[in-house]
Amino acid sequence: MTPIANGSAPESGVRPRRALTILLVKPKARLATIHALQRFQVLEPIELGYLAAMVPAGHQVAVLDLRFSRNPVSALQRRIRDLAPDIIGLTGYSHEGSIVKELAAHARAAAPKALIVVGGHHASVAAEDYNIPAIDLIVRGEGCLPFREIVEATARGEPAEGIEGVLGTGERFDPAALLAWPRFPDASELPIPRRDLWDHRLYTCAWVCEQGTPWATNFPATSMVRSSFGCRMKCTFCIVPQLCGGQHRPRPADQVAEEIGALPTDHVYFCDDENFIDADFAMELAEAIARRGIKKRYFAWTRATTVNRHPEVFKTWRQLGLDGAFLGFEFPTDEQLRRVKKGSTVADNANAHTALRSAGVAVHAAFMLMPELSREDFATLRGYVQAMPPAQCSITVCTPSPGTEDYKAMQSRIWVKNPHDLHDCMHPLTPTKLPLKEFCGLYARQLAEAGAKNPLRIQRRPIPISDMIRVAHATYRFQSAYRNLYRDYPRELWGT
Ligand code: B12
Ligand code: SF4
């Protein structure tokens, strides 16, 4: 059972009138593709840890991660019965939007007096979807400060109104508020997430590196750390430029280093949008970590152009323990890269790949498929991946996030009733040129072939038997989830 803990944030001058109990919930996804992904990687509910850290002292907070529940609805009902929460907070990505609404309805039935608040990516980009009676408040954007104000108002017995970034529902829902993106707070105002609210050993990640230690696990317990927000680039399929106004905003380096030093795990997955785009900050953070003598392993997201401009940053970070870097390769041709304003070329990707590997950093190469791909286009991608040096590959389908110009442009062609339900970046949202079933078959085959490029497979280093079984099982489930993803569509769209 997840521990309950007292809120830890210092009070901001207003004494709580009533001690509240707060339950924060991470939903369990419905799609088999996401379950398959989670067999390789299931990371901390860090967004809930952030919110919990903002709850003023004197209130009680618990985190319920339903990803581990066989029956999420009864797990939620049980927890509500045990805790009788005054506030229930739910987070969710777009593909979880319907699940969040269902959970909110169950929560409402189980705790009719509780305030039900939703936040997370779907709330930020499609708040109108949450305008239902089971939900009281919708928080858009960074939730720490608004959540704290919601808790304080509720403790005073006042309605949580007029808080920036917070929308009421029903008659209080204000569509005009959606015209502007929520502003990001000063990064230094954010707290250190409460990681004591979950068991860190549950959160593991298939760890990629160029030279692994014999018999070390492939799935170490991993913590997430956010060292910055946002990205300066403007790729047209990505929501980050809107959410962060095109700015990259680092947290104070010493604060991040302190947080890393106190982590319960040796492995750190950075959940920044782009970790190294500000080379000065990247070096400052490296310095702050090195000065404290912190020894951890790191995985971070970056761009080819960042690597090529600042190879020295990656050499320094390699010495600190950077094992792997996520690079958005996206497409195998310059024409496709230009179309999404990626700001890099095929040659940039290849150079960055070589530079990282020669520094000893393994590459996670992320590709996207366009729904319009023909058999020849799939063959081009196959050839490209086959010729590439070793890399852990991921392949998604380009499905721009709601809120982007690309999403608006494709909206009239969306071929399913509730696109949010399939918005896991693996389900094509517009018609595929090939019959959908064939598209899925080629997609699964491409993933299988790309899997053979994984440095971990190439190393052939001995791993624990339990890991071998886990990898074999996860790979089988992964393949079949992708081959069969057409089944998530109405039968008439499957094609022959
Ligand atoms: C790290 C990351 C991952 C990690 C792990 C995330 C995790 N915890 O499991 C991995 C690599 C596994 C991953 C996977 C996926 N991801 Co991802 N990921 C990110 C990334 C880069 C950072 C997310 C993060 O952890 N941020 C740090 C936390 C602290 O911030 P936060 O989540 O925004 O939470 C704050 C606010 O949103 C708000 N808030 C959140 N919840 C709540 C709840 C309440 C009640 C309140 C009041 C406020 C609130 O306050 C929080 C506190 O700071 C984002 C990009 C981005 N800019 O956020 C994409 C992003 C979230 N991912 C996205 C997607 C699509 C996916 C995948 C579906 C992609 C795929 N096919 O692989 C999968 C799905 C995973 C899943 N389990 O469902 C999209 C979501 C789009 C959408 N509209 O939903 C994003 C925005 C990327 C993008 N550019 O489009 N992801
Ligand atoms: S895809 Fe990556 S590089 Fe492009 S805008 Fe989004 S975060 Fe930045």
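**Exercises on a predicted model: ligand 1 and the two domains**

In this predicted model, helix 1, helix 2 (46-53), strand 5 (87-91), strand 6 (115-119), helix 5, helix 6 (144-155) and helix 7 (240-244) are the elements that each give at least two residues to the shell around ligand 1.

**Exercise 1.** Describe the shell around ligand 1 by its nearest residues, its main contributor and its residue classes.

*Solution.*
- Step 1. The residues around ligand 1 number 40, and those that come nearest are Glu-47, Gly-89, Thr-91, Gly-119 and Gly-143.
- Step 2. Helix 2 gives the most to this shell, with four residues.
- Step 3. By class, the shell holds 23 nonpolar, 12 polar and five charged residues.

**Exercise 2.** Where does ligand 1 lie with respect to domain 1 and domain 2?

*Solution.*
- Step 1. The protein chain is divided into domain 1, residues 4-176, and domain 2, residues 199-493.
- Step 2. Both domains give residues to the shell around ligand 1, so ligand 1 lies between them.

**Exercise 3.** Characterise the contact of the two domains, and then the side of domain 1 that touches domain 2.

*Solution.*
- Step 1. The C-alpha centres of domain 1 and domain 2 are 28 Å apart.
- Step 2. To the contact, domain 1 brings 23 residues and domain 2 brings 29 residues.
- Step 3. On the domain 1 side, at least two residues each come from helix 1 (32-38), strand 3 (41-42), helix 4 (97-110) and helix 5 (121-125).
- Step 4. Helix 1 gives the most to that side, with four residues.
- Step 5. The residues of that side are 11 nonpolar, nine polar and three charged.

Notes: Residues numbered from 1 in each chain as written. Chains lettered and ligands numbered in written order. Predicted model: local features only at pLDDT ≥ 70, side-chain atom pairs only at ≥ 80, totals over all residues. Domains from an automatic or database assignment. Contact = placed C-beta atoms within 7 Å. Nonpolar A, V, L, I, M, F, W, Y, C, P; charged D, E, K, R; others polar. Near = placed C-beta within 6 Å.
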